[in-house]
Every structure is written in C-alpha cells, then in structure tokens.
Amino acid sequence: MAGQRSRQLLAATVNGHPLLAEIDEFTPPEVKKVMEESRGGKFIADEIMVGLEKLTYELKVLGPTAELLSAYGLNASEVCQVDIKSAEQDTEGRNFAVHYSLSGKIVGVKEEAVKMNGKPGATISGSLTAYKKTENSRTVYDINTATQVINLGRGDIMAAHRRSAGLP
C-alpha cells in the first residue's frame, strides 16, 4: 500500500525558459468526460461518453520576467510548450517522477496587485491542444486534439475509430 506523498522539487520550462524558485503554484488540466443521457427504450436511463471537456491549466509564477511573459504574445500559429516536472516521495521512501507536458496557447496573464512589501507575481493560463502526464515514465494521460489520440491511462480509446475513418 502506498503512503502519502510530498513534493520535494518542482521545476518548469515555458518555451525553453527555465523556472525553479519562481514557481508558486501549478493547476493541471482537469480531464473530464462529457456525458449524455442514453435511454432509448429502456426503463432506466444511463449515460454514455460523447467526448472530453476542453483542457486548460494555470501556472502561477513569482517575479515573472518580460522574457517569460512574452510567451503570451506568440503568433496565432505558434504553440507554447510548458513542461512541469515534480519530484515526489511517499512515506514509504519511494520516489516518483511526475512530468506534465502541455502544448497549446497562452490565453491569459493575470498579474498580481502591485503593492509595497509584496512579491510580484502573475498567473498564466493556457488552453491545450496536447497534454501528456507521466509518472515514473508510465503514461497517465496522453491527449492530442490534432491527432485525436486519447489515452486515459489504459491505451488509446480512439485508435479503432481513427482506423475506421481512414486516419493514421
């Protein structure tokens, strides 16, 4: 049985810009199924999955530089690559390497209020076209809106459907 985990280190890169001490908080995408009622001629209705909700994330940084914040100004065709790496350890002494790979657009930058004796900070929010999360190199999620690869940890649930539609 696994024990409780604690985060030992948290590092990130935003379009190649390394962050370590600047990372204050990271909110990963919520992977949520879109469900619709299915009844037909049945007495009791149930639900079927009809897709996944849009994937978004937030990264709060302290002391953001102009170089980092300029990722917000990427051209429409450019994708921002954000990688978050977390080193964790459980109470049993086991180590876990968690990697979040996020590809998409930065859709918002909210700067903290400017006040004396405060630390400057900003929250960067993004909308994703690709999201991959691994734990000790094992895939937890691999979702790509362009290729329609949807792996929720137990294999690509869209592989047969892409083949049926004549897609790679």
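Here are some questions and answers on strands, loops and single residues in this predicted model.

User: Which strands pair with S1, and which residue stands opposite Arg7?
Analyst: Let's start with S1, residues 5-14, which runs antiparallel to S7, residues 80-90, with nine bridges joining them. S1 is also joined to S2, residues 17-19, by three bridges, again antiparallel. So the partners are S7 and S2. Within the S1 and S7 pair, the residue opposite Arg7 is Glu88.

User: Which residue in the hairpin of S1 and S2 takes a positive phi?
Analyst: At this hairpin, Val14 stands opposite His17 in S2. Two residues lie between the strands. The one with a positive phi, near 50°, is Asn15.

User: Is Thr134 buried or exposed?
Analyst: Thr134 sits in strand S9, residues 121-135. Its relative accessibility is 14%, and the cut-off for buried is under 20%. Therefore Thr134 counts as buried.

User: What does Thr134 contact, leaving aside its neighbours within four places in sequence?
Analyst: Part of the list is Ala97, Val98 and His99. The rest of the list is Thr139 and Val140. Put together, Thr134 is in contact with Ala97, Val98, His99, Thr139 and Val140.

User: Where is Ser137, and is it buried or exposed?
Analyst: You'll find Ser137 in the loop between S9 and S10, the latter being residues 138-144. Ser137 isn't a glycine, yet its phi is positive, about 70°. Its relative accessibility is 71%, and exposed means over 50%, so Ser137 counts as exposed.

User: What is the relative accessible area of Gln148?
Analyst: Gln148 is in the loop between S10 and S11, with S11 covering 149-151. Gln148 is another non-glycine with a positive phi, about 60° here. It counts as partly exposed, and its relative accessible area is 34%.

User: Which residues does Glu53 touch, not counting those up to four places away in sequence?
Analyst: Glu53 belongs to the loop between S5 (46-52) and S6 (56-62). Glu53 is partly exposed, with a relative accessible area of 39%. With those sequence neighbours left out, Glu53 touches Lys32 and Val34.

User: How many Å apart in space are Glu53 and Ile84?
Analyst: In sequence, Glu53 and Ile84 are 31 residues apart. For the distance in space, go from C-alpha to C-alpha. That separation between Glu53 and Ile84 is 22 Å.

Terms used: Residues are numbered from 1 along each chain as its sequence is written. This is a predicted model: local features need pLDDT of at least 70, side-chain atom pairs count only at pLDDT 80 or more; totals for chains, interfaces and linings use all residues. Side-chain values use heavy atoms; hydrogens and water are left out. Helices (H or I, at least four residues) and strands (E, at least two) are DSSP runs, numbered from the N terminus. Buried means under 20% relative accessible area, exposed over 50%, partly exposed in between (1.4 Å probe, protein chains only). Contact means heavy atoms within 4.5 Å. Two strands pair if DSSP finds at least two bridges between them.
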